[in-house]
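Got the viewer open? Load the model, keep the selection box handy, and follow along stop by stop.

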Amino acid sequence: MRFLQFLRSWKRKVSKTSDTFLEIRIKKERLVENLNFFKSLFPYCQIAVVLKSNAYGHGLKEIGTFLDKREEVSYLVVDSLLEALILRDTGVKKRLLILGNVLENNLFLLKKIKKATLLINSLINAKLFSSKINFPLSIHLKVDTGMRRQGVKLEELEEAIRILSLNKNLKIEGLATHLADADNVDEKETLKQIQLWKEALKIFKSLVREEGIFHFSATAGTKFLSPSLGNLIRLGIGFYGIDTTLDSRLKVKPALSFWARVINFKEIKRGEGIGYNFSWRADENGWIGILPCGYYEGLPWALSNKGVVYFENQPLKIRGRISMNMTAIEITPAINQIKENDWIEVYSDEVEKLNSVQKIAQACNTLPYEILVRLAPTIRRVLI
Ligand SMILES: Cc1ncc(COP(=O)(O)O)c(C=O)c1O
């Protein structure tokens, strides 16, 4: 126990006082502007910011602490009980919405967490909560309108409500669903889901309560919001400033940039190779810089010989294969300006730059979500 305390305080000291080779910088102002954008479009909605997956790579504790003080945010959304416990351990007091399942053996922990709302995801889940919860607990019921991942079927909704109502400790405060195809220009599938959602709302309002918390929309789904359909948004990627809509309709800006210091310089002669398998050879004599981050830290291996980083707005190419914890960049064009330990911008928070999260995701044939959540939790996050 004592040893654990020592380890914790030591970790705190190290992370507060020591300098680092890697840094994720998050612009608070941008996060606030992004929140304001959604708040101004949907003044009738409460905002629940999604903090799962280490707050989309931005840092669960850091973003949780920041949002705890923001009145415009009503809930912090996490996937797991573990994430909820980490937030409480960090001192975050805001109401939490837990999306994922909780094992029977862990249900008692919900009492400790306080101000937690659980999403009930299936009939099995409803039975478990109804039979086991012996303390007051707020719940929202999730209905599956087509995503086929979580939620009770529309035909099961009445039964789920009946089962949950048997336990007077359970306060059924809201109804939720999730859209599968909201970012598609073809709205057909989403409109089908919305139709089922309307039916689910009718059932819920007649059997549980007229006034409740109703949410179907994540970032892209806001296109379908209206006061009769929802009064809470579960805001993830849009809050972090990434517009994934095909018509670029969201006026948001990325908050995150990722920085690494140059830790080594290597002179390279024409014809010499770099890194594993010498997958790149120099055409001319020049200089290589080494960055202390690789695919463990989140830099996709697919950017080997493809990616670009920046030194003071000057693009520099990634050369050779990205290693687990190291990446080589060609610094010949900037050799007279870069010094050891200077900061290099690995991911930019400017959408147009070649190393923006969006552009990197495109180059790697993946989603901006994946690029963000793969940023290693060990990298220091600083809110600026
Ligand atoms: C149930 C649920 N709601 C909301 C979100 C947030 O989605 P987005 O990041 O697209 O806003 C997610 C993301 O995975 C989710 O699973």
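Begin by selecting Phe 38: this residue is buried, because 23 other C-beta atoms lie within 10 Å (buried takes 20 or more other C-beta atoms within 10 Å of the residue's own, exposed 12 or fewer, partly exposed anything in between, with C-beta atoms placed from the backbone). You are looking at a predicted model, in which local features need pLDDT of at least 70 and side-chain atom pairs count only at pLDDT 80 or more, while totals for chains, interfaces and linings use all residues. To type selections, count residues from 1 along each chain as its sequence is written.

Phe 38 sits in helix α2, residues 28-41 (helices are DSSP runs of H or I with at least four residues, strands are runs of E with at least two, and both are numbered from the N terminus). Which residues does Phe 38 touch, leaving out those up to four places away in sequence? Show Ile 47, Thr 222, Ile 233, Leu 235 and Gly 238; a contact here has C-beta atoms, placed from the backbone, within 7 Å. Now draw a distance from Phe 38 to Gly 238: they are 200 residues apart in sequence, yet 8.6 Å apart in space, C-alpha to C-alpha.

Gly 238 also leads to the next stop, as one of the residues surrounding the ligand. Select the rest of that shell: Val 50, Leu 99, His 178, Ala 218, Thr 219, Ala 220, Arg 234, Leu 235, Gly 236 and Ile 237. The cut-off for being near the ligand is a C-beta atom, placed from the backbone, within 6 Å of it. Color the shell by class and you get six nonpolar residues, four polar and one charged (Ala, Val, Leu, Ile, Met, Phe, Trp, Tyr, Cys and Pro count as nonpolar, Asp, Glu, Lys and Arg as charged, and the others, Gly among them, as polar).

Next, helix α3, residues 52-56, where you will find Asn 54. Asn 54 has a positive phi of about 55° although it is not a glycine, and it is buried, with 21 other C-beta atoms within 10 Å. Tyr 56 lies in α3 too. Its phi is near 50°, again a positive value in a residue other than glycine, and Tyr 56 is buried, with 25 other C-beta atoms within 10 Å.

Now for a helix pair: show α4 (residues 60-68) and α5 (residues 81-90), which pack at an angle of about 60° with their axes 10 Å apart. Axes are lines fitted to C-alpha atoms, for helices over the stretch in contact, and angles run from 0 to 180 degrees between N-to-C directions. That angle makes α4 oblique to α5 (under 35 degrees is roughly parallel, over 145 roughly antiparallel, 65 to 115 roughly perpendicular, and the rest oblique). Add the side chains of Leu 60, Lys 61, Gly 64 and Thr 65 from α4, and Glu 83, Ile 86, Leu 87 and Thr 90 from α5, to see who makes the contact. By class, that is three nonpolar, three polar and two charged residues.

Finally, zoom out. The protein chain has 11 helices and 20 strands, and its C-alpha atoms fill a box of roughly 75 × 60 × 35 Å along the principal axes. Buried residues make up 41% of its 384 residues.

Terms used:
Contact = placed C-beta atoms within 7 Å.
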